[in-house]
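Here is a friendly walk through one protein model, told as a conversation between a learner and a teacher. Keep the viewer open as you read.

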Amino acid sequence: MIETSSTAAPLIDGFGRTIRYLRVSVTDRCDLRCRYCMAEQMTFLPREKIATLEELAIIAERFVARGVRKVRLSGGEPLVRRDVLQLVQRLGRHVGGALDELTMTTNGTRLRDHAAALRDAGLRRLNVSLDSRDPDRFRHITRHGDVAQVLDGIAAARDAGLAIKINMVALKGVNEDEIAAMLGWCVAEGHDLTLIETMPLGAVDEDRTDRFLPLTVVKERLDTQFALERDAAQTGGPARYWRVDGSATRLGLISPLTQNFCDGCNRVRLTTEGRLYTCLGHDDHRDLRAALREGGVTALDAAIEDALTTKPRRHNFRIGRDEGPAVARHMSVTGG
Ligand code: SAM
Ligand code: SF4
């Protein structure tokens with residue numbers, strides 16, 4: 001294991017933001033094809049381009065050594081990568097020490113098989129994406145998913161003692177009439193809920209403008225049905241939070257289009273190729289795997305340092321008929 005308790009200086013970008021959070025896309029592949037995320041006929045990376053789990057672990061541990069306190073594994077669907085548990089176990093050893101938290105975002109299809117092992121490896125919380133609890137609608141959104149399988153996975157994760165946050169992308173005319181019911185279900189089940197505005201990342205088969213639902217509108221609707229109290233907790237992340245009165249449930253809103261969140265950004269993203277993107281909405285990146293292969297950990301450290309100097313001030317997401325995707329990369333490449 002790479003030394004992570006070094007006293008190396010923390011990573012600070014050109015705008016004075018300290019980097020505390022690393023997201024790792026462990027695979028760009030997925031067993032679903034959510035319409036807002038992927039085209040039906042997606043081309044995935046050839047296997048030889050994919051960094052090994054060992055390389056991803058070494059890179060992630062360098063970030064931990066430089067003050068990153070939280071790592072989220074995502075994708076693509078992280079649980080479709082063979083042996084991903086090895087990476088979870090390795091990074092999990094830092095939890096409670098150099099790492100405050102290791103967590104994962106998953107579509108839940110394979111949770112029944114993996115929930116207990118994830119908990120044993122050090123995970124305490126999971127984000128599970130669930131855009132609808134209606135079987136037909138879920139199948140439509142994901143193009144072929146089985147919601148019963150996901151709900152069963154969520155139950156398995158809860159039984160294993162993992163706290164669950166549901167991620168729901170708010171889609172105009174698709175699931176907007178189900179958002180209040182989803183929040184009610186989360187309250188009943190003891191889950192948190194995060195609502196997300198659809199972001200213009202990568203080409204998909206539909207025009208995202210047709211599906212864009214501002215969360216300002218959603219929040220006004222929810223206020224008529226729930227007593228929502230602002231929770232001032234700052235995670236350094238993009239979400240703003242509310243407590244659902246009388247419950248343990250926290251509602252998060254991620255609204256990059258209607259409310260920019262970049263000033264307090266504390267995160268960077270590592271792709272399955274080993275590239276570091278310092279902003280979800282820009283194409284600038286550094287090839288950390290190449291640096292590691294060519295010059296070992298010293299070159300890796302220098303490449304990380306260099307990447308940080310170019311972290312942009314903010315993304316420039318816009319959604320409209322004349323706007324294409326902000327970047328060609330899909331969310332699955334950078335790890336949502
Ligand atoms: N497959 C896993 C899942 O679905 O949870 C992890 C990867 S997925 C890319 C991570 C999150 O990004 C999911 O909650 C998904 O709904 C969200 N997402 C994907 N594409 C998006 C987009 N274009 N705009 C907003 N959210 C998106
Ligand atoms: Fe797969 Fe997650 Fe994208 Fe859906 S949102 S296609 S589950 S990566």
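The dialogue below takes up the overall fold, the sheet, a helix pair, one glycine and a ligand site.

Q: Before the details, how many helices and strands does the protein chain have?
A: A good place to start! Bear in mind that this is a predicted model. Its protein chain has nine helices and twelve strands.

Q: And what share of the residues counts as buried?
A: Of the 336 residues in the protein chain, 56% are buried. Contacts tell you about the chain path too: among those with a separation of 6 or more, 73% join residues 24 or more positions apart.

Q: In what order do the strands lie in the sheet?
A: First the general idea: strands of a sheet pair through backbone hydrogen bonds, either parallel or antiparallel. Here, twelve strands make an open sheet in the order 7-8-9-6-5-4-3-2-1-10-11-12, with mixed pairing. The edges are strand 7 (228-231) and strand 12 (285-287), each of which pairs on one side only. On average, neighbouring strands are turned by 25 degrees against each other, direction ignored.

Q: In which sense do strand 11 and strand 12 pair?
A: Strand 11 (residues 275-277) pairs with strand 12 in the antiparallel sense, over three bridges. To see one of the bridges in the viewer, look for leucine 276, whose partner in strand 12 is arginine 286.

Q: Now the helices: at what angle do helix 1 and helix 8 pack?
A: Helix 1 (residues 53-65) and helix 8 (residues 288-309) pack at about 5 degrees, and their axes are 10 Å apart. Angles under 35 degrees count as roughly parallel, so helix 1 is roughly parallel to helix 8. On the helix 1 side the contact includes Ile58, Ile59 and Phe63, and on the helix 8 side it includes Leu292, Val297 and Ile304. By class, the contact residues are eight nonpolar, no polar and five charged.

Q: Is glycine 92 buried or exposed?
A: Glycine 92, which sits in helix 2 (residues 84-92), has a relative accessible area of 9%. The cut-off for buried is under 20%, so glycine 92 is buried. Leaving aside neighbours within four places in sequence, glycine 92 contacts Leu102 and Ala121. Its C-alpha atom is 7.1 Å from that of leucine 123, 31 residues away along the chain.

Q: Last one: which residues are around ligand 2?
A: They are Cys30, Leu32, Arg33, Cys34, Cys37, Met38, Gly76 and Asn107. Sorted by class, this shell has five nonpolar, two polar and one charged residues.

Conventions. Residues are numbered from 1 along each chain as its sequence is written. Chains are lettered from A and ligands numbered from 1 in the order in which they are written. This is a predicted model: local features need pLDDT of at least 70, side-chain atom pairs count only at pLDDT 80 or more; totals for chains, interfaces and linings use all residues. Side-chain values use heavy atoms; hydrogens and water are left out. Axes are lines fitted to C-alpha atoms, for helices over the stretch in contact, and angles run from 0 to 180 degrees between N-to-C directions. Helices (H or I, at least four residues) and strands (E, at least two) are DSSP runs, numbered from the N terminus. Angles under 35 degrees count as roughly parallel, over 145 as roughly antiparallel, 65 to 115 as roughly perpendicular and the rest as oblique. Contact means heavy atoms within 4.5 Å. Ala, Val, Leu, Ile, Met, Phe, Trp, Tyr, Cys and Pro count as nonpolar, Asp, Glu, Lys and Arg as charged, and the others, Gly among them, as polar. A residue is near a molecule or strand if one of its heavy atoms lies within 4 Å of it. Two strands pair if DSSP finds at least two bridges between them. Buried means under 20% relative accessible area, exposed over 50%, partly exposed in between (1.4 Å probe, protein chains only).
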